[in-house]
Amino acid sequence: GVTGSTGTETFTPIGELTNAKFSGLKVGVADVSTFAANTKRKLGTLIDYGTFSATMLRVSTDAGYAAVIAAAATAELYDFKVQLMPNTAAGQTTTGDLIAFSGVVTEAGGFDLDLNKASEGTLSIDIDGAWTVTEGS
């Protein structure tokens with residue numbers, strides 16, 4: 001749902017994802033060199049939590065597919081959750097980690113046409129602020 005909405009949020013699953021990626025943190029760097037220091041000096045500035053991008057099969061009847069296209073058309077912040085599969089190496093047997101974040105959908109709805117494979121579309125979300133991880137069990 002829209003970030004900051006009142007009431008209980010209802011999340012709509014996005015089906016048919018074939019791959020996804022969190023780009024990771026990026027830290028801005030300012031050059032604070034001076035003649036007196038006589039050496040290159042740097043200062044970390046703003047943290048950018050990056051993007052979440054995914055490829056999905058184009059299924060026009062998928063409610064999640066329609067929801068991300070609608071979200072892109074509003075240019076508003078939305079809340080998202082990504083549920084990972086259990087990581088058995090970490091002792092998880094029931095659920096994997098749950099990653100929650102807010103962001104603006106910057107790309108959705110585009111898709112390819114190919115006679116030799118299913119039609120795929122892309123999704124990009126520019127993450128706003130930090131994400132949180134709830135450990136699976």
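Me: How does glutamate 16 count in terms of relative accessibility?

Reply: The class depends on relative accessible area: under 20% is buried, over 50% is exposed, and anything in between is partly exposed (1.4 Å probe, protein chains only). At 42%, glutamate 16 counts as partly exposed. Please note that this is a predicted model, in which local features need pLDDT of at least 70 and side-chain atom pairs count only at pLDDT 80 or more, while totals for chains, interfaces and linings use all residues. Residues are numbered from 1 along each chain as its sequence is written, and side-chain values use heavy atoms, with hydrogens and water left out.

Me: Where is the place of glutamate 16, and which sign does its phi have?

Reply: Most residues other than glycine have a negative phi. Glutamate 16, although not a glycine, has a positive phi of about 65°. Its place is the segment before β1; strands (E, at least two residues) and helices (H or I, at least four) are DSSP runs, numbered from the N terminus. Alanine 75 also has a positive phi, near 60°. That residue belongs to the loop between α1 and β5 and is exposed, with a relative accessible area of 58%.

Me: In what order do the five strands form the sheet?

Reply: Strands of a sheet pair through backbone hydrogen bonds, either parallel or antiparallel. For two strands to count as paired, DSSP must find at least two bridges between them. Here five strands make an open sheet, ordered β1-β4-β7-β6-β5, with antiparallel pairing. The edges are β1 and β5 (77-83); each has a single partner strand, so one side of each is left without a neighbour in the sheet. From one strand to the next, the twist averages 35°; axes are lines fitted to C-alpha atoms, for helices over the stretch in contact, and angles run from 0 to 180 degrees between N-to-C directions.

Me: How many bridges join β1 and β4, and what stands opposite phenylalanine 22?

Reply: Five bridges pair β1 with β4 (residues 51-57) in the antiparallel sense. Phenylalanine 52 in β4 stands opposite phenylalanine 22. Helix α1 (residues 63-74) packs on the sheet and touches β4, β5, β6 and β7, contact being heavy atoms within 4.5 Å. The direction of α1 makes about 85° with that of β6.

Me: Which residues outside its own stretch does alanine 72 of that helix touch?

Reply: Leaving aside residues up to four places away in sequence, alanine 72 touches Val105 and Ala108. Alanine 72 is found in α1 and is partly exposed, because its relative accessibility is 26%.

Me: How many aromatic pairs are there?

Reply: A pair of aromatic rings is described by the distance of the centres and the angle of the planes. Rings of Phe, Tyr and Trp (its six-membered ring) pair if their centres lie within 6.5 Å; planes under 30 degrees apart are stacked, over 60 edge-to-face, and the rest tilted. This rule gives six aromatic pairs. One of them joins phenylalanine 22 and phenylalanine 101, which are edge-to-face, with 5.5 Å between centres and 80° between planes. This pair links phenylalanine 22 in β1 (residues 17-22) with phenylalanine 101 in β6 (residues 98-111), 79 residues apart. Phenylalanine 22 is partly exposed at 26%, whereas phenylalanine 101 is buried at 4%. Phenylalanine 22 also pairs with tryptophan 131: the centres are 6.0 Å apart and the planes are at 45°, so the pair is tilted. Since tryptophan 131 lies in β7 (residues 120-134), parts 109 residues apart in sequence are tied together. Tryptophan 131 is partly exposed, at 25%.

Me: Which residues form the aromatic cluster?

Reply: Phe22, Tyr49, Phe52, Phe80, Phe101 and Trp131 form one aromatic cluster.

Me: Which members of the largest nonpolar core touch the most other members?

Reply: In soluble globular proteins, nonpolar side chains tend to be buried together. A nonpolar core is a set of buried Ala, Val, Leu, Ile, Met, Phe, Trp, Tyr and Cys residues joined through side-chain atoms within 4.5 Å. The largest one has 15 residues, of which Phe52, Phe80, Phe101, Val105, Leu123 and Ile125 touch the most other members. Two or more residues of this core come from each of β4, α1, β5, β6 and β7. Isoleucine 125 touches, among others more than four places away in sequence, Phe52, Phe80, Phe101 and Val105.
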